[in-house]
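Student: I have a structure to look at, and I would like to know how its labels are earned. Can we go through them one by one?

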Amino acid sequence: MNGWRGASPTARLLLVAVLLTGLTTFMFLPLLAIELTAQGIPAGRTGFLVGLLAFSSQAFSLLSGLLVDRLGPRRVMAAGFLLRIAGYVLLGLGGAGRPAPLVAGIVAVGVGGSMLGLSTKTLLVSQEGSDPRTMLALRSTFVNIGVVVGPALGALVYPLGFRYILAACMLSHLVLGIGLVSGRTAAAVPGRTAAKATGPGAGPDADPGTAPDAAAGRPGEVTRWTLLRHWAPLAALGVAYWAIYSQLNVLLPIAANELTGSTAAISVVFTANGLLVVLFQYTLLSRVFRRATARTLLALGFLAFACAYAVLIPLAGWYSLLAFVLPVTLAEMLIGPSLDEQAVNAAALRRTGLALGTMSAAGALGSLLGSSLGGQLLQATRGGSRAWVLLVGCSLTAAAICLLLPKVRTRHA
């Protein structure tokens with residue numbers, strides 16, 4: 001990867017941290033429900049605890065972004081590592097007879113993950129010599145390596161005991177925390193440099209505390225309308241993306257089983273999806289669509305979502321399911337990083353953490369709405385094609401909303 005070779009030592013270390021924390025997280029996460037059930041915790045309570053982990057991470061994202069901007073990413077990263085290590089310790093001490101450390105551990109792991117994710121992402125998009133798109137594409141690639149490889153490693157270690165997995169998580173976070181926080185690598189500028197700011201008039205003389213429009217020497221033009229024009233459609237797209245994407249966990253597993261008669265069908269989809277992202281994410285964003293604006297990539301991504309759900313309408317068994325994989329993966333590769341890129345480029349220079357936290361909060365709302373509405377939709381349609389028609393319509397509407405975004409082009413290093 002040219003992006004890896006051209007990245008600074010700081011960026012490389014941050015990407016290695018993303019990879020290792022992703023591996024250990026996905027060693028642990030898929031097995032949490034199995035372990036809780038094996039400890040004798042009822043299924044309903046197990047579901048609540050697993051949901052609490054996701055909620056703790058997502059609900060804290062906006063505050064995490066504010067903390068990154070106020071305290072700096074280095075301090076927030078340190079707090080994230082400490083919280084995660086403490087959370088894994090508490091999970092090891094908790095159990096069916098000791099719910100307090102179990103709940104506290106799950107919340108600590110979730111909140112710590114939110115702080116780690118936003119601080120590392122903020123540092124990556126702030127690196128000198130690299131544009132945000134390249135760093136976000138590399139980050140997505142390394143995260144998905146963890147998604148693909150982590151569960152397999154967890155399955156190999158789990159027969160030895162769940163505490164061995166927790167120990168691996170603690171050790172990796174301890175080593176990475178010492179390496180990243182104690183050295184100079186985390187001491188990057190919290191905001192983007194003026195050279196990487198984009199938009200109308202952004203330049204080297206821009207005030208680092210102002211939004212792109214103000215950087216052109218027109219501070220009076222940064223009005224509520226300007227902010228609303230940037231953020232209302234962007235937040236709506238963040239909610240829409242995660243509401244649509246969440247159907248891969250709600251509607252698709254059931255539909256895949258009905259289409260193919262195989263419970264392993266959904267595993268095929270997720271495995272192929274993860275491998276395609278690992279292989280093509282960086283090339284797609286940094287080479288194929290290098291000069292496209294984030295707005296264009298978002299519109300193409302939602303159109304790909306529409307195509308993905310459209311191929312499920314005929315209910316053609318394995319043919320529909322396999323045809324679904326490529327466009328839905330394309331949508332994921334285009335939309336996820338582009339939402340963050342658009343947010344970073346639209347934010348004031350020293351408000352990167354808040355911008356990324358806002359997108360994470362929109363994602364949390366979208367996931368909640370998508371999961372809730374997906375279940376209702378499943379009951380209402382009873383296995384027909386109407387659910388897929390509705391999702392195609394939602395995807396096309398989101399593609400149209402993309403046209404409301406201002407054109408903000410990344411200045412490539």
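Tutor: What follows takes ring pairs, a helix, salt bridges and cysteines in turn. This is a predicted model, in which local features need pLDDT of at least 70, side-chain atom pairs count only at pLDDT 80 or more, and totals for chains, interfaces and linings use all residues. Residues are numbered from 1 along each chain as its sequence is written, and side-chain values use heavy atoms, with hydrogens and water left out.

Student: How many aromatic pairs does a search of the whole structure find?
Tutor: The search finds 11. Rings of Phe, Tyr and Trp (its six-membered ring) pair if their centres lie within 6.5 Å; planes under 30 degrees apart are stacked, over 60 edge-to-face, and the rest tilted.

Student: What makes Tyr241 and Trp242 an edge-to-face pair?
Tutor: Their centres are 5.0 Å apart and their planes meet at 65°. That angle passes the edge-to-face cut-off.

Student: Why is Tyr241 called buried, and what is Trp242 called?
Tutor: Buried means under 20% relative accessible area, exposed over 50%, and partly exposed in between (1.4 Å probe, protein chains only). Tyr241 has 3%, so it is buried. Trp242 has 33%, so it is partly exposed.

Student: Why is the pair of Tyr309 and Trp388 called stacked?
Tutor: The ring centres lie 5.9 Å apart, and the planes are at 15°, so the pair is stacked. It links distant parts of the chain: Tyr309 is in helix H12 (residues 294-310) and Trp388 in helix H15 (residues 386-401), 79 residues apart. Helices here are DSSP runs (H or I, at least four residues), numbered from the N terminus. Tyr309 is buried at 1%, and Trp388 is buried at 4%.

Student: Which residues do ring pairs link into a cluster?
Tutor: Tyr241, Trp242, Tyr245, Phe302, Phe305, Tyr309, Phe324 and Trp388.

Student: How do you know that the span of H15 agrees with its number of residues?
Tutor: The expected span is 1.5 Å times one less than the number of residues. For the 16 residues of H15 that gives 22 Å, and the end C-alpha atoms are 23 Å apart, so the two agree.

Student: Why are the buried residues of H15 said to line one face?
Tutor: They are Ala387, Trp388, Leu391, Val392, Ser395, Ala398 and Ala399. Seen down the axis, they fall within an arc of 140°, so they line one face. The arc is that of the directions from the helix axis to the C-beta atoms. An α-helix has 3.6 residues a turn, so residues three or four places apart point the same way.

Student: What makes Lys121 and Asp340 a salt bridge?
Tutor: A salt bridge needs a side-chain nitrogen of Lys or Arg within 4 Å of a carboxyl oxygen of Asp or Glu. Here the closest N and O atoms are 2.9 Å apart. Lys121 lies in helix H6 (residues 99-125) and Asp340 in helix H13 (residues 318-346), so the pair ties together parts 219 residues apart in sequence. Both Lys121 and Asp340 are buried.

Student: How many salt bridges does the structure hold?
Tutor: Two. Arg133 and Glu341 also meet in one, at 2.8 Å, N to O. Arg133 is in helix H7 (residues 132-157) and Glu341 in helix H13, so this pair joins parts 208 residues apart in sequence.

Student: How many disulfides does the structure hold?
Tutor: Zero. A disulfide is a pair of cysteine sulfur atoms within 2.5 Å. Cys169 is buried at 0%, and Cys394 is partly exposed at 36%.

How values were computed:
Helices (H or I, at least four residues) and strands (E, at least two) are DSSP runs, numbered from the N terminus.
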